[in-house]
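Visitor: I would like to learn how to read the features of a model such as this one, step by step. Could we put the structure in front of us and begin?

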Amino acid sequence: MEPMDIVGKSKEDASLPKATMTKIIKEMLPPDVRVARDAQDLLIECCVEFINLISSESNEVCSREEKRTIAPEHVLKALQVLGFGEYIDEVYAAYEQHKLETMDSLKGGKWSNGAEMTEEEALAEQQRMFAEARARMNGGAAPPKEPDSDQTLDS
């Protein structure tokens with residue numbers, strides 16, 4: 001019987017995107033070095049196995065602490081337990097950088113341009129976008145220039 005992971009797929013089903021991994025491999029090597037396809041596949045398999053190893057140990061650390069969710073501290077402790085302590089500072093720095101980037105993107109929001117809109121401005125923008133959409137649906141007729149500020153969504 002094959003070993004199973006938490007979601008019920010066999011470990012052989014776990015993989016990493018080949019194109020992304022190939023790009024990472026190429027970025028890590030000097031430009032004049034080429035890597036055979038078999039060697040790339042082997043590196044990708046090693047990365048998957050490393051992730052499985054770290055995940056498994058992180059889960060054990062989490063369980064020992066009677067927690068149900070693996071936290072970054074559990075991953076750092078797993079690295080230490082598995083003998084990868086020299087990477088902890090670099091991993092922690094990457095985690096901090098990720099947190100900063102994530103916070104920036106969450107603060108900015110998908111549609112934010114950095115400035116807050118008043119409710120009236122948002123309503124006017126919504127009406128303008130509705131008018132443009134109606135115009136596209138009606139065969140490209142020109143949208144009205146500016147909706148009145150007292151116009152409601154019922155129109």
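Guide: What follows goes from the overall fold to helix packing, then to single residues and ring pairs.

Visitor: How many helices and strands are there in the protein, and what pLDDT does the protein average?

Guide: This is a predicted model, and the protein in it has five helices and zero strands, which gives the pattern α-α-α-α-α when read along the sequence. The average pLDDT is 81, and 74% of the residues score at least 70. Over residues 1-7, however, pLDDT stays under 50, and the model has six contacts beyond four places in sequence for that stretch. Of the 155 residues, 14% count as buried, while residues 24 or more positions apart account for 34% of the contacts with a separation of 6 or more.

Visitor: How do I read the packing of two helices, and at what angle do α1 and α2 pack?

Guide: Two packed helices are described by the angle between their axes and by the distance between those axes. In this model, helix α1 (residues 18-28) and helix α2 (residues 37-64) pack at an angle of about 105°, with their axes 10 Å apart. That angle makes α1 roughly perpendicular to α2, since angles of 65 to 115 degrees count as such.

Visitor: Which residues in α1 and α2 meet?

Guide: From α1 the residues are K18, M21, T22 and I25, and they meet Q40, D41, L43, I44 and C47 in α2. Sorted by class, this contact of α1 with α2 has five nonpolar, two polar and two charged residues.

Visitor: Where is the place of K67, and what does K67 touch beyond four places in sequence?

Guide: K67 sits in the loop between α2 and α3 (72-81), and its relative accessible area of 49% makes it partly exposed. Leaving aside residues up to four places away in sequence, K67 touches C62 and H74. H74 is one of the buried residues in α3, along with L76, A78 and L79. After α3 comes G83, whose phi is positive, near 90°.

Visitor: How should I read aromatic pairs, and how many does a search of the whole structure find?

Guide: A pair of aromatic rings is described by the distance of the centres and the angle of the planes. A search of the whole structure finds three such pairs. One of them, F50 with F84, is edge-to-face, at 5.2 Å centre to centre and with 90° between the planes. Because F50 lies in helix α2 and F84 in the loop between α3 and α4 (88-108), this pair ties together parts that are 34 residues apart in sequence. Both rings belong to partly exposed residues, F50 at 36% relative accessibility and F84 at 24%. Ring pairs also link F50, F84 and Y87 into a cluster.

Visitor: What is the arrangement of the rings of Y92 and Y95, and where do these two residues lie?

Guide: The ring centres of Y92 and Y95 are 6.2 Å apart and their planes are at 55°, so the pair is tilted. As a general idea, an α-helix has 3.6 residues a turn, so residues three or four places apart point the same way. Here Y92 and Y95 both lie in helix α4, three residues apart, which is about one turn of the helix. Y92 counts as partly exposed at 40% relative accessibility, and Y95 is partly exposed as well, with a relative accessible area of 27%.

How values were computed
Residues numbered from 1 in each chain as written. Predicted model: local features only at pLDDT ≥ 70, side-chain atom pairs only at ≥ 80, totals over all residues. Heavy atoms only, no water. Axes fitted to C-alpha atoms, helices over the stretch in contact; angles between N-to-C directions. Helix = DSSP H or I, 4+ residues; strand = E, 2+ residues; numbered from the N terminus. Parallel < 35°, antiparallel > 145°, perpendicular 65-115°, else oblique. Contact = heavy atoms within 4.5 Å. Nonpolar A, V, L, I, M, F, W, Y, C, P; charged D, E, K, R; others polar. Buried < 20%, exposed > 50% of the residue type's maximum accessible area, 1.4 Å probe, protein only. Phe/Tyr/Trp six-rings, centres within 6.5 Å; stacked < 30°, edge-to-face > 60°. pLDDT = per-residue confidence, 0-100.
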